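Trainee: I've got the sequence and the fold open side by side. Could you walk me through them?

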Amino acid sequence: MFESLQDGLQSAVKTLRGKGKLTEANMRDALGLVEKSLLEADVSYEVVQAFMGQVTERALGTRVLLSLDPSEEVIGIVRDELINILGPVDPSLHLRGELTTLMLCGLQGSGKTTTCGKLAQLLLNNNAQPMLVAADLQRPAAIDQLHVLGEQLGVPVYSEKGANDPVRVCQDAVKKAKQEGVQVLILDTAGRLAIDDELMRQLQAIDQRVGPDQVYFVVDGMTGQDAVNSAKAFNDALELDGVIMTKLDGDARGGALMSVKHITGVPIKFIGTGEHLDALEPFRPDGMAGRILGMGDILALVDTARQVVTEKQQEALEAKIRAGEFTLDDFKVQLESFSKPGLMKKMIGLMPGMGEMAKMMDGGGMDAEGDARRLIAIINSMTHGERRNPKVIDPSRRGRIAAGAGVVPQQVNELVKQFNVVAPIMKSMAGQGMAGRMQAIQQLQQSGMMDPGGGPGIRTKKGTGKRLTPKEKAKMKKQREKERRRRRRGS
Amino acid sequence: MGIFDRKKPDKAGDKTAQGGFLGLFKRGLEKTSQLLQTDVRDLFKEGDRLVDDDFLNELFAILVKTDMGAGPAAEIRDKIKADFRSRKIEMADALQTVKDQLLELMQQPEAPIDRAASGPTVILVVGVNGSGKTTSIAKLTKMFINEGSQVVLGAADTFRAAAVQQLTIWAERLGAEIVKGEPSSDPASVAHRAVARAIELNADVCIIDTAGRLQTQTSLMQELGKIRRVIGKQIPDAPHEAILVLDATAGQNGISQARGFSEAADCSGIVLAKIDGSAKGGVVIPIRREFNLPVKFVGVGEQAEDLALFNAHDFVEAMFAEHFAGQR
Ligand SMILES: Nc1nc2c(ncn2[C@@H]2O[C@H](COP(=O)(O)OP(=O)(O)O)[C@@H](O)[C@H]2O)c(=O)[nH]1
Ligand SMILES: Nc1nc2c(ncn2[C@@H]2O[C@H](COP(=O)(O)OP(=O)(O)O)[C@@H](O)[C@H]2O)c(=O)[nH]1
Ligand SMILES: [Mg+2]
Ligand SMILES: [Mg+2]
């Protein structure tokens, strides 16, 4: 039994070698997938190209440390890089002591007017007094629309009936705001196409004569390849200070945001997540990066892998193993990382070909986390001396440990026996990273290691190990709880 | 055939339905490549380039930038690669073969609006937020009025601030009858009253405006079904058209929009708004392929007259116009 386990592990270790670093060759498939996914998310073609070059350069030579294979490592790196590019965050409106003027601009229907209302709501929440300015003289009922929002919010709206010069309207609004001690003026401009020179010049005129403190580009989350063109035109005309992407409450991947960020370089301030005036959220690059990239399953795996063992922990552990100092304490650390709720199943479920295993854990009465926790409880009941050198555990110590952990003494025996198997394997796996260790844990699980209640063979018909009745289990659980409380008090 | 399968029988009954896009594409390319083998292949032209990776990447970039999607773009690229590999060809010629195929796919019959045999023709207009529904309704209204038709509008967007006022302004400007609802009132009841009014007036056309909604908002999507049913009870066969207004700047989400709105409102066609900008609106290509949803009109501006019949030839030409600058 143990020999075949060891064989299995060694061959696993062998296949893992050579996957150690990212190379052009082992990244190719993943990069192809990433490129396709970004294009499907509507990131503009040239932005995808620039990004792919950047990521490839960054990723080359990176150690495949925690993920299961190079592709997954690459996708993790891509996501990190996306987060970098979409950041840094700056949700501040940079209000000044005196009147601050914000101007919103963008294409027709992108959500400017609604976002004006949302910003006013945000300001009210922060005890600043805003005023809205109806500078869209183009769209029928645009002024009414802003007035309705103003009424809903209890915020004044400045508008001029029959006006036809938005520059004048904005200038007059500034005067009025100063008279009335308004803190923040929000200019709602008409939508315009980037190629409409006349209207773009009009926007420049507002910018020059009114001098808004912050100019935000409002972009629809469903925008496609054209995002680069409009972002460039608005940024060239106005020098944008921020970007707000709307309509992200649907299923749009929002890749246009990457295009806009690439072109303008200005911070992404907020995202719009609904039609109601409270549906404005500060921008979070991590969530958005995942959304744009897609590949949720792989990212979940990468996250889980990173969660299980941090780079630092891994290095420390590897050093220990190499030095032959792998003790039951270290084993405990390993187990602890796997006994986080849901983690084991998630991890296993995500592994290629391990779906069956996950199902078993669901339906087959297997409780890997519970098993890991039980092993930890056994180790916890040992003295430090026992953990360093399990050989000293005699029947009387065994009885004490078992009682402390709420298990039968035979389970302590099983743990020690199997630790003796694990230690050399761990040693042989030094430097193999997370993947190797995952495999080891799986093998151990199959060997029955994770179920000290039964020991090897418990899952087969031949198994004679006694299965605890629910009543016995409950009793044991109680005992364990008691023991845990006792320890907590003692420490 | 994967994504080339047609999901719905073609309502318009045009002949491009058989064999799907790939079939058409192949057939067309066969013609063109035969032509190329005889005429062009051995004629060395200035600007001819070897069909190599560079050439294919450039072609792919041009295609992707139309918003047709990476999948369709890759297929077209691979087909060009298979047919022209290691030969010399001008990019413009390669694009011409692409255009010919897209043209065949997007071709559709002239009569864009399915009119009722008798009584009012009811048109339901749906789409995501801000796509251009209300403005497109104004444009359609103007078109019908110019034809001498009487139009009743139903302002069933009772949600968005001043949406009713917006349609009211258009109705006044254009001389259409309008039926309104109170803010937050039931849109189906507004639709019902609008159709009733159209019947009463024996109007020719009744157009129902609806609030923008995202296709993922299931209860709002179900509301569209309810509006349809209410209308159908008043006039069998109504609504005669359910028009999805798609923003030409939309990217791949347009596919999801077409799917969602087709399912919820059984759309019969598309108005592609805002085509007057720099966006190409290429997402209607996979939409046509997957849902066989024809584009009926394009919106080319913010005014009531800024509506044009969709013309497949012009559309396809415009998709690649800059790559033909200075040619012929
Ligand atoms: N679902 C959703 N709809 C939005 C969001 N922001 C704006 N809208 C809607 O988009 C449409 C156009 O918005 P509007 O503010 O009038 O755009 P403008 O033309 O740029 O001023 C309206 O129906 C809004 O309710 C958002 O974040 N999510
Ligand atoms: N340039 C241009 N703008 C348009 C077109 N159609 C609509 N718009 C503008 O897009 C914005 C939203 O249109 P609207 O009809 O209110 O959209 P709805 O929310 O779908 O009803 C308005 O500013 C319209 O003037 C078009 O074809 N071209
Ligand atoms: Mg507006
Ligand atoms: Mg509307």
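Trainee: Between which chains does ligand 2 lie?
Mentor: Keep in mind that this is a predicted model. Of the 23 residues around ligand 2, those that come nearest are A:Gln108, A:Gly109, B:Gly132, B:Thr135 and B:Gly299. That list carries names from both chains, and ligand 2 indeed lies between chains A and B.

Trainee: Okay, and which helix gives the most to the shell around ligand 2?
Mentor: Sorted by class, that shell has 4 nonpolar, 13 polar and 6 charged residues. With 3 residues, the top giver is a helix of chain B spanning residues 133-146, namely H5.

Trainee: Now the two chains themselves. Which element gives the most to the side of chain B that touches chain A?
Mentor: The contact takes 34 residues from chain B and 34 residues from chain A. On the chain B side, the elements giving two or more residues are helices H2 (53-64), H6 (163-174) and H9 (253-265). That side divides into 12 nonpolar, 16 polar and 6 charged residues. The most, 4 residues, comes from H6(B).

Trainee: Let's stay in chain A. How far apart do the C-alpha centres of domain 1 and domain 2 of chain A lie?
Mentor: The domain assignment of chain A gives domain 1 (2-88), domain 2 (100-283) and domain 3 (309-490). Between domain 1 and domain 2 of chain A, the distance from C-alpha centre to C-alpha centre is 39 Å.

Trainee: Which element gives the largest share of the side of domain 1 that touches domain 2 in chain A?
Mentor: Here 12 residues of domain 1 of chain A are in contact with 15 residues of domain 2 of chain A. Two elements give two or more residues to the domain 1 side, helix H3 (45-59) and H4 of chain A. By class, that side has 9 nonpolar, 1 polar and 2 charged residues. The largest share, 4 residues, belongs to H3(A).

Trainee: What about helix packing: is H2(A) oblique or parallel to H4(A)?
Mentor: Two packed helices are described by the angle between their axes and the distance between the axes. For H2 (residues 24-40) and H4 (residues 70-86) of chain A, the axes are 8 Å apart and the angle is about 50 degrees. That angle makes the pair oblique.

Trainee: And what is the handedness of the crossing of H2(A) and H4(A)?
Mentor: Try finding the contact on screen. H2(A) brings residues including A:Met27, A:Ala30, A:Leu31 and A:Val34, while H4(A) brings A:Val74, A:Ile75 and A:Val78 among others. By class, the contact has 8 nonpolar, 2 polar and 1 charged residues. As for its hand, the crossing is right-handed.

Trainee: Any odd backbone spots? Where is A:Pro88 placed?
Mentor: The peptide bond from A:Gly87 to A:Pro88 is cis, with omega near -10 degrees. As for its place, A:Pro88 is in the chain A loop between H4 and strand S1 (100-105).

Trainee: In chain B, what is omega near for the bond from B:Ala238 to B:Pro239?
Mentor: B:Pro239 is found in the loop between helix H8 (218-234) and strand S7 (241-247) of chain B. The bond leading into B:Pro239 is cis, with omega near -5 degrees.

Trainee: Last one: what is phi of A:Lys247 near?
Mentor: Look in the loop between strand S6 (242-246) and helix H10 (256-264) of chain A for A:Lys247. This residue is other than glycine, and its phi is positive, near 65 degrees.

Definitions and conventions:
Residues are numbered from 1 along each chain as its sequence is written. Chains are lettered from A and ligands numbered from 1 in the order in which they are written. This is a predicted model: local features need pLDDT of at least 70, side-chain atom pairs count only at pLDDT 80 or more; totals for chains, interfaces and linings use all residues. Axes are lines fitted to C-alpha atoms, for helices over the stretch in contact, and angles run from 0 to 180 degrees between N-to-C directions. Angles under 35 degrees count as roughly parallel, over 145 as roughly antiparallel, 65 to 115 as roughly perpendicular and the rest as oblique. A crossing is left-handed if the near helix is turned anticlockwise from the far one by less than a right angle, and right-handed if clockwise. Two residues are in contact if their C-beta atoms, placed from the backbone, lie within 7 Å. Ala, Val, Leu, Ile, Met, Phe, Trp, Tyr, Cys and Pro count as nonpolar, Asp, Glu, Lys and Arg as charged, and the others, Gly among them, as polar. A residue is near a molecule or strand if its C-beta atom, placed from the backbone, lies within 6 Å of it. Domain bounds come from an automatic or database domain assignment.
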